[in-house]
Amino acid sequence: MHKQQNIPRYLTLKFQLTLWFLLISLIPLSVIIFFQYQQINNVIITIILFTLIIVTMLASLIAQRITSPIINLTEISLKVASGDIHQQIDFHSNNEIGQLSKVFNLMLNAIQTHEDELNIHSRQTERSLSKLNEQKLILDQHAIVSITDI
């Protein structure tokens with residue numbers, strides 16, 4: 001046979017207020033369970049709020065860690081676009097941003113090398129032009145002398 005358990009419907013609490021009085025109150029068990037349920041709900045809500053705060057802070061840190069190199073790359077790209085090619089990106093990582101930084105630095109080095117070569121060729125061209133101008137001046141003076149001798 002199945003035994004039925006007797007679950008008390010009331011929990012008796014005793015409070016002694018003074019030496020002369022004794023207060024006995026009956027609180028329904030459903031009220032006690034409801035208050036315990038409320039306390040558990042409050043604890044769960046508090047845990048969820050703290051978890052959300054921690055997750056939000058971690059997400060913010062991760063987002064900053066991801067976007068910081070991209071922002072740095074953008075700022076250096078703008079400086080290079082304005083003509084300051086003597087820039088380098090100082091970011092060392094094996095992810096895609098790190099590879100992009102390495103390739104960007106290689107590109108800047110190639111641009112600097114080509115600019116240096118262009119400057120060398122430009123100076124050589126200016127010297128050659130200067131020599132040609134000197135020879136032209138000498139030839140012009142010789143031509144004037146030749147014309148006056150006729």
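**Two helices and the loop between them**

Apart from neighbours within four places in sequence, glutamine 112 is in contact with Ile85, His86 and Gln87. That is one point of entry into this predicted model. Glutamine 112 belongs to helix H2, which runs over residues 96-149. Is glutamine 112 buried or exposed? The cut-off for buried is under 20% relative accessible area. Glutamine 112 has a relative accessible area of 16%, so glutamine 112 counts as buried.

Now step back to the whole chain. Its secondary structure consists of two helices and two strands. In sequence order the pattern is β-β-α-α. The chain has 150 residues, and 9% of them count as buried. Its accessible surface is about 13600 Å². Carbon and sulfur atoms supply 65% of that surface. What share of the contacts with a separation of 6 or more joins residues 24 or more positions apart? The share is 21%.

Helix H1 covers residues 29-81, a run of 53 residues. From first C-alpha to last, H1 reaches 76 Å. The expected value, at 1.5 Å a residue, is 78 Å, and the actual span is close to that. H1 still has a bend. Where does the bend fall? It falls at threonine 67, and the angle is about 30°. Proline 69 follows threonine 67 within four residues.

Proline 69 is also one of the buried residues of H1. Ile32, Leu73, Ile76 and Val80 are buried there too. The spacing of such positions can be read against helix geometry. An α-helix has 3.6 residues a turn, so residues three or four places apart point the same way.

H1 also carries nonpolar side chains on the surface. Leucine 52 is found in H1. Leucine 52 joins Ile40, Ile44, Ile45, Ile48 and Leu49 in a nonpolar surface patch. Together these residues have about 560 Å² of accessible area.

Just after H1 comes glycine 83, with a positive phi of about 115°. The loop between H1 and H2 holds isoleucine 89. Is isoleucine 89 buried or exposed? Its relative accessible area is 5%, and therefore isoleucine 89 counts as buried. Which residues touch isoleucine 89, leaving aside neighbours within four places in sequence? They are Asn72, Leu73, Ile76, Ser101, Phe104 and Asn105. Two of these names have already come up: Leu73 and Ile76 are buried residues of H1. Isoleucine 89 can also be placed against proline 69. They are 20 residues apart along the chain, and their C-alpha atoms are separated by 9.0 Å.

Follow the contact from isoleucine 89 to serine 101. Serine 101 lies in H2. At a relative accessible area of 2%, serine 101 is buried. Beyond neighbours within four places in sequence, serine 101 is in contact with Ile89 and Phe91.

Phe91 leads on to glycine 98, since the contacts of glycine 98 outside four places in sequence are Phe91 and Ser93. Glycine 98 is another residue of H2. What is the relative accessibility of glycine 98? The value is 0%, so glycine 98 counts as buried. Glycine 98 can be placed against isoleucine 70 as well. The two are 28 residues apart in sequence, and 10.0 Å apart in space from C-alpha to C-alpha.

To retrace the route: H1 bends at threonine 67. Isoleucine 89 sits in the loop between H1 and H2, in contact with Leu73 and Ser101 among others. Serine 101 and glycine 98 are buried, and glutamine 112 is buried as well.

Key: Residues are numbered from 1 along each chain as its sequence is written. This is a predicted model: local features need pLDDT of at least 70, side-chain atom pairs count only at pLDDT 80 or more; totals for chains, interfaces and linings use all residues. Side-chain values use heavy atoms; hydrogens and water are left out. The expected span of a helix is 1.5 Å times one less than its number of residues. The bend at a residue is the angle between axes fitted to the seven residues ending there and the seven starting there. Buried means under 20% relative accessible area, exposed over 50%, partly exposed in between (1.4 Å probe, protein chains only). Contact means heavy atoms within 4.5 Å. Patches are made of residues with over 30% relative accessible area and no salt bridge: like charges are joined within 9 Å, nonpolar side chains (Val, Leu, Ile, Met, Phe, Trp, Tyr) within 5 Å. Accessible areas come from the Shrake-Rupley method with a 1.4 Å probe; for residues, only the protein chains shown count as cover. A salt bridge is a side-chain nitrogen of Lys or Arg within 4 Å of a carboxyl oxygen of Asp or Glu.
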